[in-house]
There are 2 protein chains.
Amino acid sequence: MARTASLSGFPEWLPQERLVELHVLDTLRKTFELHGFSSIETRAVETVGQLLRKGEIDKEVYGLSRLQDEDGEDAKSDKSDPNALALHFDLTVPFARYVVENAGYLAFPFRRYQIQKVWRGERPQEGRAREFTQADIDVVGDGELPFRYDVEIALVIAEALSALPIPDFRLRINNRKLAEGFYRGIGLTDTAGVLRSIDKLEKIGAAKVAQLLKSELGATDEQAGLALELASIRTEDTSFVDRVRALGVKDDLLEEGLNELEQVIQAAVLRAPGKVIADLSIARGLDYYTGTVVETVLVGHEQLGSICSGGRYDALASKGNRKFPGVGLSIGVTRLVSRILSQELAAASRSVPTAVLIALNSDDSWSAAQDVAAQLRGRGIATEVAAKAEKFGKQIKFADRRGIPFVWFTDDDGKHQVKDIRTGEQVDADPASWMPADEDLHVRVTTAG
Amino acid sequence: MARTASLSGFPEWLPQERLVELHVLDTLRKTFELHGFSSIETRAVETVGQLLRKGEIDKEVYGLSRLQDEDGEDAKSDKSDPNALALHFDLTVPFARYVVENAGYLAFPFRRYQIQKVWRGERPQEGRAREFTQADIDVVGDGELPFRYDVEIALVIAEALSALPIPDFRLRINNRKLAEGFYRGIGLTDTAGVLRSIDKLEKIGAAKVAQLLKSELGATDEQAGLALELASIRTEDTSFVDRVRALGVKDDLLEEGLNELEQVIQAAVLRAPGKVIADLSIARGLDYYTGTVVETVLVGHEQLGSICSGGRYDALASKGNRKFPGVGLSIGVTRLVSRILSQELAAASRSVPTAVLIALNSDDSWSAAQDVAAQLRGRGIATEVAAKAEKFGKQIKFADRRGIPFVWFTDDDGKHQVKDIRTGEQVDADPASWMPADEDLHVRVTTAG
């Protein structure tokens with residue numbers, strides 16, 4: 001399936017590909033709901049003022065305007081007009097607005113999942129589309145939010161990703177307090193600047209990051225060395241704590257961050273063994289996180305970029321003096337599904353939901369065939385009725401082309417038989433009780449190889 | 001819930017309202033899949049040229065432009081530029097494009113369902129939003145499409161609507177061939193003009209439509225009278241055939257239309273009794289149907305407008321000489337859900353998916369509580385774990401505020417009990433086997449009264 005999107009950056013799936021995407025979406029939804037997350041959707045449209053509240057990202061936003069705006073009432077989208085309308089570019093900004101607007105109707109801590117399309121006018125490339133689906137979970141508190149939710153969110157995501165037909169993955173987790181406390185402890189006070197430089201580690205390498213730290217932030221050789229040593233720590237257990245302490249830096253915020261990250265990793269070692277690592281190079285430089293930060297890679301597909309990112313915000317939203325801290329993670333569904341499809345990592349067992357095609361004996365038998373179909377559907381068996389009484393060979397071919405496993409025949413005496421067209425086996429069957437094998441009842445999506 | 005949308009025409013639901021919408025969407029999906037319809041999604045974005053191909057509707061379209069378009073590569077949305085981008089206003093136009101683009105990969109007749117948001121920049125009012133969800137089913141053929149699919153589509157929709165928590169409904173079905181053949185037979189050749197006038201029947205009444213027919217289309221008193229007599233025919237069975245014949249008009253196309261509509265109504269009397277009527281006033285004036293046409297009203301909510309419309313197109317799409325005829329219907333999900341919510345016609349049994357809250361005895365018991373939760377989730381029971389070991393009264397209140405029916409306690413000796421907080425009943429329970437009653441396992445959505 002190496003089709004090209006007819007509009008670059010706007011992928012569309014064939015029916016059998018969509019079944020893989022549906023399986024991913026259904027699996028995520030099921031996991032999120034089992035953990036008590038409520039579904040919400042927000043409108044696709046926000047005001048420009050809302051979207052650009054935190055600045056920096058306006059290049060990616062699609063503005064809206066009515067094509068034929070006769071009365072001039074609707075403003076043309078224009079970043080200078082905060083009331084102009086535009087498409088959301090993530091689900092966090094709209095969720096923050098939703099929480100503030102509906103605070104009086106929500107029970108805090110409020111846990112929600114949100115699976116929707118978002119749009120960014122970026123230059124399309126592999127793993128980066130202009131229209132794509134994100135699946136977010138967040139817990140947001142009113143005033144305060146126990147740290148335990150940081151642990152829980154990571155575990156829920158590890159469980160959700162484990163249920164998907166994707167290669168092995170690693171959640172790489174760090175903590176902003178740890179990093180900022182450490183930089184402060186070694187005398188680098190522009191912590192945002194250090195984070196931005198460290199964020200480039202994978203792209204430009206340690207030597208060039210050291211140069212940046214020295215030239216742009218005035219770091220000494222020793223300071224740059226220590227910052228890079230911190231970023232080089234990567235452990236599958238809580239041994240990172242000792243390794244950080246061995247660097248001899250003292251700072252209260254550093255201690256708080258060490259303690260928080262230790263809790264997350266400790267729980268993960270127990271409950272999601274092998275899926276989570278402490279990675280002290282994770283910076284997420286441009287985002288406004290205040291504690292836990294997470295990125296996720298598919299093992300063997302690291303160059304795809306993070307497939308799930310997020311973290312803790314002390315103030316996801318605020319309403320006057322009232323603050324709503326939040327912690328959440330966002331899965332890049334389209335990025336994942338594109339990879340699954342382009343590398344054929346998983347596939348659907350057939351291209352349609354239909355399990356049974358009811359063949360027609362004669363054109364007059366359509367109504368009787370509908371009766372049989374209704375009985376099968378009543379037991380959850382997806383069933384189609386042929387539209388014309390073509391030769392049986394043609395009707396079987398109709399099923400075969402779609403991957404429909406069974407064709408049902410009723411002769412003029414009302415005798416029913418069902419044929420498994422994969423094996424050719426044909427047996428008597430009762431419309432009131434016949435069931436296909438479990439694995440044929442619904443479309444299954446299975447990993448290749 | 002008389003909340004106002006923060007952006008007029010862009011409704012958003014609270015979590016408990018979203019559960020009603022999810023129930024509607026899940027029910028539609030299940031019915032469509034049981035009938036063998038494949039899911040597809042198309043991008044939200046089309047080119048202006050594609051959207052305005054059939055003219056007339058450009059006032060409603062939202063154009064897109066990148067807010068900060070530095071290099072001027074992306075054109076500002078402008079209806080004079082056919083390559084400019086805009087949001088789709090229905091799912092039929094994008095589906096037609098999808099069929100043409102992917103014809104080589106699809107098995108025809110191709111049956112698909114498509115549930116997505118669409119956008120129209122219309123003035124918002126009750127039952128009409130600027131962003132709303134449609135649920136469409138269509139069957140499209142390559143070259144030809146048996147008429148039987150017109151019958152089937154009507155039956156599938158009647159079954160789908162019957163499964164929803166909505167008031168009784170009526171599919172009002174007519175046939176363009178019948179109407180056009182009749183008008184031609186009485187000497188009115190501008191059939192499109194007559195349809196446009198007849199379409200106004202409910203709004204302006206018979207007398208004014210007669211005037212229109214005479215003044216704008218040059219009809220005689222007798223012609224106007226006959227056209228209105230035809231439009232007054234409404235039957236729950238196939239008796240409309242005799243009533244049309246009694247008007248004494250002879251025309252081949254009329255005969256074809258009578259025969260087609262008779263087939264639909266005959267099947268509906270048998271398979272969807274009471275849900276379908278032949279209504280010869282249905283015109284759907286502005287749309288490009290060529291046979292069956294359908295509108296649907298909720299009984300007692302007629303002023304809401306049609307909640308499901310569509311029909312047969314001889315050429316839903318075309319590619320050179322190749323024609324793709326189609327028949328389909330589109331349910332206005334947001335219109336339905338808005339009405340259900342504003343009139344409290346149905347409600348969710350609780351506001352969250354969670355069935356069980358695991359209470360904490362002490363802060364150290366969190367990990368043991370997660371073990372219990374994992375066992376429950378393994379049996380499909382949605383479970384949350386409290387984040388803090390607050391007083392039990394407070395933990396019970398946490399569950400109560402969300403409508404979570406059960407709270408689970410584990411004492412220091414590892415003895416498990418579960419409390420139904422609605423009745424206060426508390427019993428011993430085994431995490432490896434306890435199940436809630438079926439009606440408490442999942443959120444249920446039930447009709448009021």
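**Exercise 1. Determine how chain A and chain B of this predicted model are related in space.**

Step 1. Superposing chain A on chain B takes a rotation of 180° with 0.0 Å of shift along its axis, and the RMSD of the fit is 0.0 Å.

Step 2. That is the relation of a two-fold axis.

Step 3. To place the axis within the structure, look for the C-alpha of chain A nearest to it: this belongs to A:Leu64, which lies 2.4 Å from the axis.

Step 4. Of the interface residues of chain A, 100% are also interface residues in chain B, so the copies meet through the same surface.

**Exercise 2. Describe which strands pair across the two chains, and in which sense.**

Step 1. Strand 3 of chain A, residues 62-66, pairs with strand 3 of chain B, also residues 62-66, and the two run in the antiparallel sense over five bridges.

Step 2. For the register, take A:Gly63, whose opposite residue in strand 3 of chain B is B:Ser65.

**Exercise 3. Characterise the interface of chain A and chain B by its extent, its polar pairs and its composition.**

Step 1. Begin with the extent: 97 residues of chain A are in contact with 97 residues of chain B, and the two chains bury about 8,500 Å² between them, with 51% of that area on carbon and sulfur atoms.

Step 2. Turn next to the charged pairs, where the rule finds 16 salt bridges across the interface. One example joins the side chains of A:Arg18 and B:Glu41, with an N to O distance of 3.5 Å; this satisfies the cut-off, because a salt bridge requires the nitrogen to be within 4 Å of the carboxyl oxygen.

Step 3. Polar contacts are counted by residue pair, and 49 such pairs are found across the interface, with both residues at pLDDT 80 or more.

Step 4. On the side of chain A that touches chain B, the largest share comes from helix 1 of chain A (residues 15-34), which supplies seven residues. By class, this side of chain A has 41 nonpolar, 20 polar and 36 charged residues.

**Exercise 4. Trace the antiparallel pairing of strands 10, 11 and 12 within chain B.**

Step 1. Strand 10 of chain B (residues 292-298) is joined by two bridges to strand 11 of chain B (residues 308-319), and the two run antiparallel; here B:Val294 has B:Gly310 of strand 11 as its bridge partner.

Step 2. Strand 11 of chain B also runs antiparallel to strand 12 of chain B (residues 322-332), to which nine bridges join it, and B:Lys319 stands opposite B:Arg322 of strand 12.

Step 3. Finally, consider the turn: the hairpin of strands 11 and 12 of chain B has two residues between the strands, and B:Gly320 takes a positive phi near 60° in this hairpin.

Notes: Residues are numbered from 1 along each chain as its sequence is written. Chains are lettered from A and ligands numbered from 1 in the order in which they are written. This is a predicted model: local features need pLDDT of at least 70, side-chain atom pairs count only at pLDDT 80 or more; totals for chains, interfaces and linings use all residues. Side-chain values use heavy atoms; hydrogens and water are left out. Contact means heavy atoms within 4.5 Å. Buried area is the accessible area (1.4 Å probe) that two parts lose on being put together, summed over both. A polar contact is a pair of N or O atoms within 3.5 Å; within protein, one must be able to donate a hydrogen and the other to accept it, and residues adjacent in sequence count only if both atoms are side-chain atoms. Helices (H or I, at least four residues) and strands (E, at least two) are DSSP runs, numbered from the N terminus. Ala, Val, Leu, Ile, Met, Phe, Trp, Tyr, Cys and Pro count as nonpolar, Asp, Glu, Lys and Arg as charged, and the others, Gly among them, as polar. Two strands pair if DSSP finds at least two bridges between them. Copies are superposed by least squares on the C-alpha atoms of residues with pLDDT of at least 70 in both.
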